[in-house]
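Colleague: I would be grateful for a close look at the salt bridges in this structure, and at how burial and position in the chain bear on them. Please then extend the account to the surroundings of those contacts.

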Amino acid sequence: MYRDVSPSIFRKNIELAIDEDAFLQEVTELCSQNIEAKFGEGYWSDHFDYNFDLVEDYLRIFPDKKEEFLYGNATYRFYDSVEKVMPRSEKYVDNNGKVRQYGALKKDVEKSRREDFDENDTNWLKDENGNIIEVSLFTKMLFLAAIKFATLDPEGMGVEMEGGKPGWNDAMNGLPGLIGSGIAETMELERIVHFLADEIDPSKDYALPEEIAYLIRETAAKLSAYKAGELSDFEYWDAVATVRENYRDRVWITMTGKEETLSGKELKEYLDNAHEKILKGIQKAKEFGDGLMPTYITYEADDYEVVKDAEGNPVLTHYGLPAVKVNHLTPVKLPAFLEGPARYLKTLSDKEEALNLVKTVKASDLYDRKLKMYKTSVPIDALSMENGRVRAFTAGWLERESIFLHMAYKYQLGILEAGLYDAFYEELQTVFIPFVDPAVYGRSTLENSSFIASSLNPDPSTHGRGFQARLSGSNTEVLSMWSTMMAGKNPFTVENGELTFRLQPALVDWLFDDNGEVEFQLCSNTKVTYKNPAHKSTYGENGVAVTDIQIDGTSYGTKLTGELAEKVRNGEIKEIICELG
């Protein structure tokens, strides 16, 4: 039984001389962060998605620290696992006349027994001299973009599920075996590559670990050949997949610790070409989905050969099935899932296209017309059990055709960030839990659920009822929506070399109280009050905007700059009053 033997301020009746927040701040400044990691059960293809969200969130508040953020801290490491992602020669197998991707991972027993490797502890990739490899955030992001770009599927539409696990909807756990890929992950890759391409300075040189430089240069060469028409889609995929496998072999035990310099011009050309190919794949995926962005694709091998040894016997893989060499793969369309459109919205700058997408989704079977909410997918009865355990669930339950709040809210956030404010607030009144009927929801409307049973569930008494209360991704999406609604996408910017604070709320008229006011807490310590005597929305042709920012009775116009903006960010301003007009 666990017993807390640590001393306690509360238990010892110790009175603090400063407030609790200040005390905790001083304590954490004396602490050092120790990140621990251990292999669990596989490599989910979507786990990289959330990194760039964190980068964007940081830069929304600290845009003036971008240079330091990306380049100033060279302490980012690479987790060293005992479970290796196998090459295609070990995981593409003949399973009763059908090609499958089985045995994607294999434990390296010899590696686990090395003196400098403790399987039960955290291991970081080292160089040949035993030093832990550490790089800047920029280099880490560049590598992430490079390895994921090198993992695009044969049609360039999705990111392959080559690590044995699917993406966000992990009940689709059969997809990796069906040589599946996620188009949702391609959207996230597009955002990262776009950001990095804009960040590259062509006049600078960039020093990278030589193995990462190899991955980028070899991929860039294949990409150039593809652009020149020298390689077909399949030939390009095959060549780049080989580069990826060779890269993994090079870093499996150690890296050399040596660096190689790539010019900014070279990197810029690579990222621009990569971005162009990603956009081409996204457009192809949209057409493949008949206008509704798909989420998943699987592939069938319609031309392959069983690999045989010198005596004519099939070569067995580590998984025990005959290895195959695939000569052609054909994409298979799956039913529509909500995640594809939700992620796609985050990439769109064209409001008209975004609005058309929202209308298309609402007209589809992704929309639950009884509950006026959005389901994880359309009916999936046509899918075989081989696609995953989701097929074994009751319709409208768990990950199968229910309203999974995390994804429903991610879709709502996409609508908001696309600037479709009218559509956002219309949907909010039926999708957002505080607006639903508590008697139907079956629990407090102040708490989110993992999922809500949809109207497809055969038991009508469950329709609209929330199950499995949890602090999940839905809460994160709510916070993201809240911050954009209250403060705007980028409250802090850099203008003429100076930190600038400007509030650009996206609030509908009915959110203001009888006095025409809305209040919210900014940066933990600052109460912001919007005064809107006209009771108008803060967007649209007839919308109002901030006309004056007041602090302690002093007016500062529509923005704060320099030291005053920093004080707001540091939580040193107790109250701000904003006049809207």
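Modeller: The side chains of arginine 88 and aspartate 238 form a salt bridge, with an N to O distance of 2.7 Å. This contact joins distant parts of the chain, since arginine 88 belongs to helix α4 (residues 88–91) and aspartate 238 to helix α9, 150 residues apart. The model is a predicted one, and every value here is computed from it. The two partners differ in their exposure: arginine 88 counts as buried because its relative accessibility is 11%, below the 20% limit for that class, whereas aspartate 238, at 30%, counts as partly exposed.

Helix α9, which carries aspartate 238, spans residues 233–251 and also contributes to the lining of the largest cavity. Its share of that lining, 3 residues, is the largest. The full lining consists of Phe149, Ala150, Leu152, Asp153, Gly156, Tyr236, Trp237, Val240 and Lys277. By character, these residues divide into 6 nonpolar, 1 polar and 2 charged. The space inside this cavity is about 40 Å³, and the search of the whole structure finds 3 cavities of 30 Å³ or more.

A second salt bridge brings together the side chains of arginine 191 and glutamate 56, at 2.5 Å from N to O. Arginine 191 lies in helix α7 (residues 183–199) and glutamate 56 in helix α2 (residues 49–61), so this pair ties together parts that are 135 residues apart in sequence. Here too the arginine is the buried partner: arginine 191 has a relative accessible area of 8% and is therefore classed as buried, while glutamate 56, with 28%, is partly exposed.

Helix α7 takes part in a further contact, in which lysine 346 forms a salt bridge with glutamate 188, the closest N and O atoms being 3.4 Å apart. Lysine 346 sits in the loop between α11 (339–345) and α12 (351–363), and glutamate 188 in helix α7, so that 158 residues separate two parts linked by this pair. Glutamate 188 has a relative accessible area of 1% and is thus buried. Salt bridges with shared partners join Glu188 and Lys346 into one network with Asp49, Asp53, Glu56, Arg191, Glu339 and Arg343. The pair of arginine 191 and glutamate 56 therefore belongs to the network that also holds glutamate 188 and lysine 346. For the structure as a whole, the count comes to 46 salt bridges.

Two places elsewhere in the chain complete the picture. In the segment before α1 (20–29) lies isoleucine 9, which is partly exposed, with a relative accessible area of 34%. Ile9 forms a nonpolar surface patch together with Ile14 and Leu16, and their combined accessible area is about 230 Å². Asparagine 532, by contrast, is buried, with a relative accessible area of 0%, although its position is in a loop, the one between β19 (526–531) and β20 (546–551). From C-alpha to C-alpha, asparagine 532 is 21 Å from phenylalanine 424, and the two are 108 residues apart in sequence.

Notes:
Residues numbered from 1 in each chain as written. Predicted model: local features only at pLDDT ≥ 70, side-chain atom pairs only at ≥ 80, totals over all residues. Heavy atoms only, no water. 1 Å grid on protein atoms, 1.4 Å probe; cavity = no way out; pocket = protein on both sides within 12 Å on 5 of 7 lines; lining within 4 Å. Points joined across faces, edges and corners; volume = space filled by probe spheres on them. Helix = DSSP H or I, 4+ residues; strand = E, 2+ residues; numbered from the N terminus. Nonpolar A, V, L, I, M, F, W, Y, C, P; charged D, E, K, R; others polar. Patch = residues over 30% accessible without salt bridge, like charges linked within 9 Å, V, L, I, M, F, W, Y side chains within 5 Å. Areas by Shrake-Rupley, 256 points an atom, 1.4 Å probe, with all protein chains shown as cover. Salt bridge = Lys/Arg side-chain N within 4 Å of Asp/Glu carboxyl O. Buried < 20%, exposed > 50% of the residue type's maximum accessible area, 1.4 Å probe, protein only.
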